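Me: I would like to learn how to read a few features of a structure. Please give the general idea for each, then the case at hand.

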Amino acid sequence: MSDSVHDIQFPLADFDREQLPQPQRDLQGDAYLQAVQEHLSSQFLGQGGAAEVAVTSDRVIIRWKDHSEAESITQQGTRLVQQGDTEKGIATLRVALQRNSDDAAALFNLGVALSNQNQLAESLELLNRLVQIAPEYPCAWVALGVTQSALHGPLHGLSAFQEAVRRNSMDGFARKNLGAALSGLGRFEEALEHLKAAVVLLPQDAVAWLNLGMNLEQSGNHADAATAYRQVMILDPGGRYSEKAEQGRNRIAQQKFRASGGSLRQDALDHLGEALRLFDRMTPDQIKRLTHEIVMLGAKGLAVENTQVRYQLRTLPGEFTGLQLLCLEYVGLKLIDPSVDLGFDLGAEYEEACRLHRLA
Amino acid sequence: MPFNPEVQQLIHQVETLSGRPVYVAEESGMSLRATLVPARKGAAAHLVRYKPGSSSLDYLVANQLVYLLRTFSCPEEDRWEVAAIPSEQDAGIRTMGLTDFQDAFARGMIGQIVTQIRTYSIGFRVDAWIRSNLPSLHAEQEAEIRSQLSENERALNPEIRKKFPKPLVDTNSIMNTVFAICWGRLLGEPRFEIPYVAMGYRAKATGLIQVLEEVPDDPTSDRLLVERWATLLGLSDAFHFNPYSLD
């Protein structure tokens, strides 16, 4: 088969409306043109090439290009979904299933795509059929468990995840999801084995590390949890998983912070008071610049409990401990936008520092 | 010009069966790729003419020769050719909606559409025979078929279709649909039929394909094949069969 392009044109007036699905046969105007375009585009799917179909007011224009390496209709649909053209990808996978209702790859990819689109009932139906006709299809049980969990809660996905692990204990996704489901059910110890295995099998998977971190945090193993969270922040810098990891690290730091200083930490109270006095002498722009620099510096975490670690800033001379910077950041953010949540609760100390500052 | 050995063998077969030599000649300016003038009325030879420049010369010549081979495979009394008297042409002109056209043009069009009925219907037998018996011509055959498919697709262009009356355009398109469906399946590329199906030609084309399947693939049945296609296309009154004889 050669790579070649050629055009076919025929009058729109000669298009047979009977070819369209019943509800579209009486369409007029742009809606009709679109229906013809979509119908013809779907007809060319899986034909070993690419067809661009354009419908104008008087004609249908089809530009056909052969592919040297033909891509199946299922592969086309999967590729479209992976490229983010979800709607078209889903439509293409539906056509693949119309042509072969036992196409395991189409069942899997359409099931997953629909699940991601929150069309869970249809996804569940497809994935249930998949595990019936192709129980060994890679990740089939995991996908089923994910959809079951999303639809009915973690308990409902558990048996599918267990089946996935039973069939292949080296399946990192199976271990990751089973661990997460068990954690979600409060079975932390049982989950830990799977979550540890998941990060070994999927060392670059930020979610696997996040799940492990959360499990360890909830089990009280804060040191290992902080390590896992740090790994998430390395793998997913600036991403949503990183944000969750950072929240976890802050929770751990705060617990440690509170545990070592009672209900009101004097050192934090002192640093907050210093910050209030410093900001009194600064313009709003200077406050913003300084706060922004600390926010950026703190994105990777500040050693709040280690006074040996010292930091330097470009916008303020001197050396600072992690707690000093945290207090500067806290006050700065309160002055710039009180609604911002720093993720580290110094509210009691801040309130007291403000009271003392007003008295002074 | 040296032909492929299989084509040379075919020429020899036709010459032996018909008792007349086969001359193959180049003719520039032809609109068709190749034509055949069978020896008749005492003519000394069969003449195959082809348009110069084709890279599929062996196939084009073989294709014309296999039509002859089928004719001469039949007993003398079963050999025929298509002819039309003016009243038959008139019937065809009415059926095809050509009454408002210049007389000579309209008669020319009727001649062409009747020829298409014969060459397309028997053409499927001819090409099937070539596929089975002349393997060295497969590549050339496929290239020519693809070229014909493209040419047929060009005939769908609105600017071309509006030049002719709808009954004539539809009759031509139905036969092209059969060509697209049958060859699309053989080539494993069913996409060729999509535009024709979109235009609603599938049902009538399916009728013609059914005839191809029902009528035996035997040269003595070729006449029946042409008759049944012509009936389905509404053109059975536009021509008749004359006995074919060399003398």
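Reply: Start with a cysteine: Cys327(A) has 0% relative accessibility and therefore counts as buried, where buried means under 20% relative accessible area, exposed over 50% and partly exposed in between (1.4 Å probe, protein chains only). Cys182(B) is also buried, at 17%. This is a predicted model, in which local features need pLDDT of at least 70 and side-chain atom pairs count only at pLDDT 80 or more, while totals for chains, interfaces and linings use all residues. Residues are numbered from 1 along each chain as its sequence is written, chains are lettered from A and ligands numbered from 1 in the order in which they are written, and side-chain values use heavy atoms, with hydrogens and water left out.

Me: How many disulfides are there over all chains?

Reply: A disulfide is a pair of cysteine sulfur atoms within 2.5 Å. By that rule the count over all chains is zero.

Me: What secondary structure does each chain have?

Reply: Helices (H or I, at least four residues) and strands (E, at least two) are DSSP runs, numbered from the N terminus. Chain A has 16 helices and five strands. Chain B has 10 helices and five strands.

Me: How much of each chain is buried, and what area is exposed?

Reply: In chain A, buried residues make up 46% of the 360 residues. In chain B, 50% of the 247 residues count as buried. Accessible areas come from the Shrake-Rupley method with a 1.4 Å probe, and for residues only the protein chains shown count as cover. Chain A exposes about 18,900 Å², with 50% supplied by carbon and sulfur atoms. For chain B the exposed area is about 11,400 Å², and carbon and sulfur atoms supply 51% of it.

Me: What share of the contacts joins residues at least 24 apart in chain A, and what share in chain B?

Reply: A contact means heavy atoms within 4.5 Å. Among contacts in chain A between residues at least 6 apart in sequence, 48% join residues at least 24 apart. In chain B, residues 24 or more positions apart account for 73% of the contacts with a separation of 6 or more. For a single case, take Ala113(A), in helix α4 (residues 104-116) of chain A. Ala113(A) is buried, with a relative accessible area of 4%. Not counting residues up to four places away in sequence, Ala113(A) touches Val81(A) and Ile90(A). Val81(A) is 32 residues from Ala113(A) along the chain, yet their C-alpha atoms are separated by 7.1 Å.

Me: Which residues of the largest nonpolar core touch the most other members?

Reply: In soluble globular proteins, nonpolar side chains tend to be buried together. A nonpolar core is a set of buried Ala, Val, Leu, Ile, Met, Phe, Trp, Tyr and Cys residues joined through side-chain atoms within 4.5 Å. The largest here has 91 residues, and those touching the most other members are Phe10(A), Phe15(A), Leu40(A), Val60(A), Leu65(B), Val178(B) and Trp229(B). Leaving aside neighbours within four places in sequence, Leu40(A) is in contact with Phe10(A), Phe15(A), Val53(A), Val60(A), Ile194(B) and Ala198(B). A second, separate core has 53 residues, including Ile73(A), Phe161(A), Leu195(A) and Leu212(A).

Me: How many salt bridges are there over all chains?

Reply: Side chains of opposite charge can pair when their charged atoms come close. A salt bridge is a side-chain nitrogen of Lys or Arg within 4 Å of a carboxyl oxygen of Asp or Glu. The count over all chains is 30.

Me: Where in chain A do Glu163(A) and Arg166(A) lie?

Reply: Both lie in helix α7 (residues 154-167), three residues apart, about one turn of the helix. Glu163(A) forms a salt bridge with Arg166(A), the closest N and O atoms being 2.6 Å apart. Glu163(A) is buried at 18% relative accessible area, whereas Arg166(A) is exposed at 59%.

Me: Why are Arg107(B) and Asp103(B) separated by about one helical turn?

Reply: Because they are four residues apart in helix α4 (residues 103-133) of chain B. Their side chains meet in a salt bridge (2.9 Å, N to O). Both are partly exposed, Arg107(B) at 23% and Asp103(B) at 45%. Elsewhere, salt bridges that share partners join Glu136(A), Glu163(A), Arg166(A) and Arg167(A) into one network.
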